[in-house]
Amino acid sequence: MDTRFDVELISVTKRYGPTLAVDTISLRIPRATYCCLLGPSGCGKTTTLRMIAGHEAVTDGDILIHGQNVSDLPPIKRGTAMMFQSYALFPHMSCLDNVAFSLKMRGVAKQERHNRAREYLALVHMADFATRLPAQLSGGQQQRIALARALINRPRVLLLDEPLSALDPFLRVKVREELKRLQRELAITFIHVTHSQDEAMALADLMVVMENGHIRQSAPPRDVFERPVSPFIARFIGSHNVLRSNQGPVAVRADRCRLGTPQDGPHVNGPYVNGKVTAVEYQGSMVRVALLTEAGDEVSALVPDQTFYRKPTEPGDPATLVWSEQDTHALSGEDTHPLSEQDTHALMES
Ligand code: ATP
């Protein structure tokens, strides 16, 4: 039994009639990892999460949790807990009773389950709200109660389906920090499905990008950002330009590009493309300038605001995108495989 991994997916496939929702995916998630499943709508993220939880049966393949094959076990016997997007709190029960509910179902005596529930309310900083009903809480507070309720069974793996999507942008960042803190403190694995690249970058130790039922890249976020394996990944994670070259597609980060001529600045005689400005977006410390190149590619430069306003440009202006050869990154266009031994080692060390 290999207990270095909290979760292992071995050639897992899910079919719904003629639809192949998940196609022979393999993945190893080391112990106590914050793993984000990311990808465009319909790529198979939720199906993967639901198969790990046991809410969907696998069509083929195996799921191991902490070395044990759980493919045929019901959800309650897997050592997982799931937190749903809607939180699904019982409206007529106090926060304390909501959190204690599953212990009640297991026949734990009232005093003990309330003590445990208080402990978990404190963990999510909601100790003062024990007697309130869910309707008397804000969205962020309800979310914390739902978290406490999922964690009270001390799962080895917590599964979160778009947990931040119902929150406003400010609260989303606050709760995101909270999730990371909890995952660290409890030292368990979180598997978090999200649409948001920013969310995945901020939270994940291991970022798993899916497309069309396949895992296209699984690696720490910085590796995915710095070394996207394919044009799809480079475009999907954003802030990259995908360009054609004689050697095949290459990516260059938008923040490593600037506007100018190949003759000036530090990139003398470096690569460049000519185009026309199509949009200018102020983003605070940076300004994003989008260009349509003469070859018909959409590219952009992320320019520090001070640099931009020294020589501003507008949609319709001709412009040249300039970068340094050493910042280009060749893209293979092929799928990657699950974590290499080296990646696994690096994650376990961290
Ligand atoms: P989203 O980000 O939109 O939630 P997702 O990546 O989570 O998408 P899934 O919900 O896993 O995607 O769906 C993967 C594929 O499986 C889609 O093509 C979807 O239509 C299909 N699918 C999901 N559930 C079912 C079902 N119960 N019956 C039939 N097809 C399904």
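Biologist: Let's start with one residue. Which helix is R144 found in?

Modeller: This is a predicted model, and in it R144 is found in helix α4. That helix covers residues 139-151.

Biologist: And how do I read its exposure: is R144 buried or exposed?

Modeller: You look at the relative accessible area, and under 20% means buried. R144 has 16%, so R144 is buried.

Biologist: What does the side chain of R144 do for polar company, then? Which residue offers a backbone oxygen to a polar atom of it?

Modeller: For that you look for pairs of N or O atoms. Here the partner is V124, whose backbone oxygen lies 3.2 Å from a polar atom of the R144 side chain. Leaving out residues up to four places away in sequence, R144 touches V124, H125, M126 and E178.

Biologist: V124 again! Which other residue of this chain touches V124?

Modeller: L147 does: with residues up to four places away left out, L147 touches M83, V124, L158, L160, L179 and L182. L147 also matters when you read the nonpolar core. The largest one has 49 residues, and L147 and L158 touch the most other members. Helix α4 gives the most to this core, with six residues.

Biologist: Is that core joined to the rest, or is there a separate one?

Modeller: There's a second, separate core of 27 residues, and its members include V22, I25, C43 and M210. Keep C43 in mind for the ligand.

Biologist: Before that, how do I read a helix by its buried residues? Which residues of α2 are buried?

Modeller: List the buried positions, then ask what covers them. In α2, residues 95-105, the buried ones are C95, L96, N98, V99, A100, S102 and L103. Their cover includes α3 (110-123) and α4. Just after α2, G107 takes a positive phi of about 80°.

Biologist: Now the ligand. Which residues are around it?

Modeller: Start with the shell, then look at the polar pairs. The shell is Y16, T19, A21, P40, S41, G42, C43, G44, K45, T46, T47 and H195. By type, that's four nonpolar, seven polar and one charged.

Biologist: Where do I find polar atoms within reach of a ligand oxygen, and at what distances?

Modeller: One is in the side chain of H195, where an N or O atom is 2.8 Å from a ligand oxygen. On the backbone side, a polar atom of C43 is 3.1 Å from a ligand oxygen, and G44 has a polar backbone atom 3.0 Å from one. As for burial, the ligand taken alone exposes 630 Å², and the protein buries 58% of that.

Biologist: Which elements give two or more residues to that shell?

Modeller: Those are β2 (19-30) and α1 (45-53). The biggest share comes from α1, with three residues.

Biologist: Let's zoom out. How many helices and strands does the chain have, as a first reading of the fold?

Modeller: Ten helices and 18 strands. For extent, use a box along the principal axes: the C-alpha atoms fill roughly 75 × 45 × 40 Å.

Biologist: What percentage of the 350 residues is buried?

Modeller: Buried residues make up 49%. The accessible surface comes to about 17100 Å², with 49% of that area belonging to carbon and sulfur atoms. To read how the chain folds back on itself, take contacts with a separation of 6 or more: residues 24 or more positions apart account for 65% of them.

Note on methods. Residues are numbered from 1 along each chain as its sequence is written. This is a predicted model: local features need pLDDT of at least 70, side-chain atom pairs count only at pLDDT 80 or more; totals for chains, interfaces and linings use all residues. Side-chain values use heavy atoms; hydrogens and water are left out. A residue is near a molecule or strand if one of its heavy atoms lies within 4 Å of it. A polar contact is a pair of N or O atoms within 3.5 Å; within protein, one must be able to donate a hydrogen and the other to accept it, and residues adjacent in sequence count only if both atoms are side-chain atoms. Accessible areas come from the Shrake-Rupley method with a 1.4 Å probe; for residues, only the protein chains shown count as cover. Helices (H or I, at least four residues) and strands (E, at least two) are DSSP runs, numbered from the N terminus. Ala, Val, Leu, Ile, Met, Phe, Trp, Tyr, Cys and Pro count as nonpolar, Asp, Glu, Lys and Arg as charged, and the others, Gly among them, as polar. Buried means under 20% relative accessible area, exposed over 50%, partly exposed in between (1.4 Å probe, protein chains only). Contact means heavy atoms within 4.5 Å. A nonpolar core is a set of buried Ala, Val, Leu, Ile, Met, Phe, Trp, Tyr and Cys residues joined through side-chain atoms within 4.5 Å.
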